[in-house]
Structures are given as C-alpha cells and as structure tokens.
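Me: I would like to go through this structure by question and answer. Please give the reasoning before each result.

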Amino acid sequence: MSTHASCCSGYEQNAWTNAGPAPIYGFMNPGSTRLLVDALAFAAYKHRRQRRKDPEASPYINHPIALAHVLSSAAAILHDTIEDTETTYEELRERFGKTIAGVVREVSDDKTLSRADRKRLQIEHAEHLSRRARLVKLADKISNVRDIAANPPHDWPLQRRREYFDWAKAVVDRIRGTNKRLARAFDEAYAGRP
C-alpha cells in the first residue's frame, strides 16, 4: 500500500511531481470538499512511507486525518508535508495556493535545528502565528496529546510523555483566545496526562 496508485486510484506514481496547478483551485473556497480531498490524496502520497511511533506503527496519514477531523482544513491535512517530507513551499503554493502554502510554512519546524531548539521556538513563535496557523497548531496539539494518551510511542517512557504534554500546553497557552472550542478540546485531552 505504499504506491500512490494503490491509495489514490486514477493517478500515476508521478502525478504529484508532474502535476501543475489545477486552475479550479484558485476559485475554490479553502475549506471546500474538493480541495480537502485533493489535500488528503496529496498528503497520503507524500507521507506514504512514513509510520507513526505507536506500537502498531500505524500509517502516518492517520495524524493529518485526525487533524482534519478536529479542523476541516486543507492546511491541517498538509501541515507536516514541508517539515517531514521532500515537499517544498513552492510545490504547495502551485497546487493549493499561497494562503494554504503559507499556513503550512508557518507551522513547519526547521528540521536543521535540534529538537530542543525546535520545541523552544514553537513556544516563542506561537503567539506570532496568523489566525489560520494558530488553528492548525491547536488541532495538531489536540491530536498529538490524544494520541500519546491513548496509544503512546512504544519507546517513550512515562517522563517523556509527561514532558510532551507540558510542552504542548506551553504552546497552546500562548495562543489561547484563538478559538474557545479548540482550547476546550485541548484542555480535555490534556486532562488525560499520564
């Protein structure tokens, strides 16, 4: 199930690398169903070889799908493509437009930095994100905290799980007031802190 054709029938293996911008997307509402499905197919292809760190090594695409469940947004589905795959901002901009690509770029960590620096910068930069990027960031933290509580990475000891919860809360605390419903959902998930 790692080929593009098996997850997205009707497309060739190179469809995403050879496809130019789809003109209709320029006229679509950023939350439209068609755009969400295209974002899901694109993210599934880009993350096709990645697995989650849970004991079952579930497909990575489950994480963007969980974000879309919290926040129906193409940017939520695509949020890790720049950070965790070979996807570029330009590729996203051509396919999904400047707004969505910009949100994804805003929430992407610089993987050339150490994990400690990336975590520190997420806290420091959270309050400077655009409203759309804050919503994606909230959905991401909700999804991750839920996952760690219910199905933690097999190699994460209790202390690391607790540290993740506390770090995620520090990020969310910087953007409280962005969306009360999402903040409440985060707090409910955080209540499951191990």
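Me: Which residues lie nearest the centre of the largest pocket?

Reply: The model is a predicted one. In it, the lining of the largest pocket is made up of 36 residues, and the pocket holds about 990 Å³ of space. Nearest its centre are Arg52, Lys53, Asn144, Trp156 and Tyr164.

Me: Which element gives the largest share of the lining of the largest pocket?

Reply: Two or more lining residues come from each of α4 (62-70), α6 (81-84), α9 (115-126), α10 (131-150) and α11 (158-174). The largest share is 9 residues, and the element that supplies it is α10.

Me: How many residues of the lining of the largest pocket are charged?

Reply: Sorting the lining by class gives 9 nonpolar and 8 polar residues. The remaining class, charged, has 19 residues.

Me: Is Asn144 buried or exposed?

Reply: Asn144 belongs to helix α10 and is among the residues nearest the centre of the largest pocket. Beyond its neighbours within four places in sequence, Asn144 contacts Arg52, His63 and Tyr164. Its relative accessible area is 13%, and the cut-off for burial is under 20%. Asn144 is therefore buried.

Me: Which residues have the most contacts inside the largest nonpolar core?

Reply: This core comprises 47 residues. Helices that each supply at least two of them are α3 (33-46), α4, α5 (74-78), α7 (89-96), α8 (98-107), α10, α11 and α12 (180-190). The largest share, 8 residues, comes from α10. The residues with the most contacts inside the core are Leu78, Phe96, Ile100 and Val136.

Me: Which residues does Val136 touch, not counting residues up to four places away in sequence?

Reply: Val136 is one of the residues with the most contacts inside the largest nonpolar core. With residues up to four places away set aside, the residues touched by Val136 are Leu67, Leu71, Ser73, Ala75, Ala76, His79, Val103 and Val107.

Me: What covers the buried residues of α8?

Reply: The residues to be covered are Ile100, Ala101, Gly102, Val103, Val104 and Val107, the buried residues of α8. Two of these, Val103 and Val107, are touched by Val136. The covering elements include α3, α5, α6, α7 and α10.

Me: Within what arc do the buried residues of α4 fall, seen down its axis?

Reply: In α4 the buried residues are His63, Pro64, Leu67, Ala68 and Val70. They line one face of the helix, because their directions seen down the axis of α4 stay within an arc of 160°. Among the elements covering these residues are α5, α10 and α12. The arc asked for is 160°.

Me: What phi does Ala57 have?

Reply: Ala57 sits in the loop between α3 and α4 and is partly exposed, with a relative accessible area of 28%. Most residues other than glycine have a negative phi. Ala57 is not a glycine, yet its phi is positive, at about 50°.

Me: How many helices and strands are there in the protein chain?

Reply: Along the sequence, the pattern reads α-α-α-α-α-α-α-α-α-α-α-α. The count for the protein chain is therefore, by the DSSP runs, 12 helices and 0 strands.

Me: Among contacts between residues at least 6 apart in sequence, what percentage join residues at least 24 apart?

Reply: The protein chain has 194 residues, of which buried residues make up 47%. For contacts between residues at least 6 apart in sequence, the share joining residues at least 24 apart is 66%.

Technical notes
Residues are numbered from 1 along each chain as its sequence is written. This is a predicted model: local features need pLDDT of at least 70, side-chain atom pairs count only at pLDDT 80 or more; totals for chains, interfaces and linings use all residues. Side-chain values use heavy atoms; hydrogens and water are left out. On a 1 Å grid over the protein atoms alone, a cavity is a set of points where a 1.4 Å probe fits but cannot get out, and a pocket is an open set with protein on both sides within 12 Å along at least five of seven lines; lining residues have an atom within 4 Å of a point. Grid points are joined across faces, edges and corners, and a volume is the space filled by probe spheres set on the points. Helices (H or I, at least four residues) and strands (E, at least two) are DSSP runs, numbered from the N terminus. Ala, Val, Leu, Ile, Met, Phe, Trp, Tyr, Cys and Pro count as nonpolar, Asp, Glu, Lys and Arg as charged, and the others, Gly among them, as polar. A nonpolar core is a set of buried Ala, Val, Leu, Ile, Met, Phe, Trp, Tyr and Cys residues joined through side-chain atoms within 4.5 Å. Buried means under 20% relative accessible area, exposed over 50%, partly exposed in between (1.4 Å probe, protein chains only). Contact means heavy atoms within 4.5 Å. The arc is that of the directions from the helix axis to the C-beta atoms.
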